[in-house]
Amino acid sequence: MANSIKTLMVDAGLDDAAEARIKLAAELAGRFGARLVGLGACTARPPVTGPFGETAAMVSIVNAEVDRIKAMLRASAERFEAVARDAGVPSEWRAFDEYPGEALVRECRAADLLVLGRGGEAEGHQSAAPGDVLMRAGRAILVTPPGVSTFEAKTVLVAWKETREARRAVTDALPFLATAERVSVLAVCEREREQAQRHVDDVAAMLSRHGIAASAEVEMRAGQRVADLLLGAAGRLGADLIVAGGYGHARLLEWVLGGVTYELLDRSPVCCLLSH
C-alpha cells in the first residue's frame, strides 16, 4: 500500500512524558509493521560570560553539564530500547549533541511520520517544539498529550478547511482512517453553509473510494472559537484522534493572536495528526 507507514520516528528525549510517548509509538509500529527510530538530542547552553571571558570555574561548570547531558541521553537510549524490545518491533537509536528540533527536522528524512510531545522545558533544556518541527520537516506529525501511552484511532475527527494543509493532512492520515471504526469530516464556517457542506461531502466521497465510510458535517461558528468547536465535537464523538492541517495562516500571526493549530497543540486532550 503506497501510503502505509513503514518507519516512525519518536522524540524520545528528556521530558517526563517521553516514556508514554515511546510506548505509543512502539504500539503503532507494531500495528503497522513499521520500524521505530528513537531520537534523543540535547546540547549544553552556552554560558553567560563576564567582561573577562571564560574562567576555569566556568569551564568546569560547562564540562559537568556536558557529562550530565551524555548521561541523560544514555538513560533515554536504555529506556527507548527497553520499550521497543518489549513491543517486539525493529528499532534503532540516534543521539545528537544539538537542539532536538534541529535534529528531528534533519533526521526525519528517514521516517514517514514523527511522534512528538507538546514541547517545553525538560531537565532545564528546551525540548522539541512541535509547531517548529511541523513547519520545517515536510512530514506529518502526531502530537501526543502528556501521559497518553496508547491510542487506537477507532474514532477520528477530520477538521476540514479549504486549504492545502488540510488536503495534505487527510492524505497523510489515510493509514489511520482506513482502520477506524468511525470517521467524521467536520467543517466549521461562519457563512455559506451549503458550500461548506459540498466540500465535506466531496472529502467523504473521496474517502469512500478508499473503502473508508465517513460522515460529513458542518457546524456554524456563531462567534465561538474554532478550536473549542473542534474539541467539543471530538468529545461528543469520543474521538481519540483529530486530523487537521497545521498553520494555514502565518505561524507568527497564530502565535500572537491565537489560532486553531496553536490551540490544538496547547490543549487537545487527544492525539492530533497535523500536516503542513
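Which strands does helix α8 (residues 226–237) lie across? In this predicted model, helix α8 lies across β8 (155–160), β9 (182–189), β10 and β11, and runs at about 155° to β9.

**The sheet**

These four strands belong to an open sheet of 10 strands with mixed pairing, whose order is β3-β2-β1-β4-β7-β12-β11-β8-β9-β10. Because β3 (91–96) and β10 (214–220) stand at the edges and each has a single partner strand, one side of each is left without a neighbour in the sheet. From one strand to the next, the twist averages 20°. Helix α3 (residues 100–107) also packs on the sheet, where it touches β1 (7–11), β2 (35–41), β3 and β4 (113–116), and its direction makes about 150° with that of β2.

**Parallel pairs within the sheet**

The table lists three of the strand pairs, with the number of bridges in each and the sense in which the strands run.

| Strand pair | Bridges | Sense |
|---|---|---|
| β1 and β2 | five bridges | parallel |
| β2 and β3 | six bridges | parallel |
| β11 (residues 241–245) and β12 (residues 271–275) | five bridges | parallel |

Individual residues give the register of these pairs. Thr7 stands opposite Arg35 in β2, and the chain then crosses from β1 through helix α1 (residues 18–32) to β2 in a β-α-β crossover that is right-handed. On the pairing of β2 with β3, Ala41 stands opposite Phe96 in β3. Further along the sheet, the bridge partner of Val243 in β12 is Leu273.

Strand β2 therefore has β3 and β1 beside it in the strand order, and six of its seven residues are buried, so that β2 is largely enclosed by the rest of the structure.

**A buried threonine**

Is Thr261, which lies in helix α10 (residues 260–267), buried or exposed? The relative accessible area of Thr261 is 3%, and this residue is therefore buried, the cut-off for that class being under 20%. A polar atom of the Thr261 side chain lies 2.8 Å from the backbone nitrogen of Tyr247, a separation that falls within the 3.5 Å limit used for a polar contact.

Note on methods:
Residues are numbered from 1 along each chain as its sequence is written. This is a predicted model: local features need pLDDT of at least 70, side-chain atom pairs count only at pLDDT 80 or more; totals for chains, interfaces and linings use all residues. Side-chain values use heavy atoms; hydrogens and water are left out. Two strands pair if DSSP finds at least two bridges between them. Helices (H or I, at least four residues) and strands (E, at least two) are DSSP runs, numbered from the N terminus. Axes are lines fitted to C-alpha atoms, for helices over the stretch in contact, and angles run from 0 to 180 degrees between N-to-C directions. Contact means heavy atoms within 4.5 Å. Buried means under 20% relative accessible area, exposed over 50%, partly exposed in between (1.4 Å probe, protein chains only). A crossover is right-handed if, with the strands pointing away from the viewer, the path from the first strand over the helix to the second runs clockwise. A polar contact is a pair of N or O atoms within 3.5 Å; within protein, one must be able to donate a hydrogen and the other to accept it, and residues adjacent in sequence count only if both atoms are side-chain atoms.
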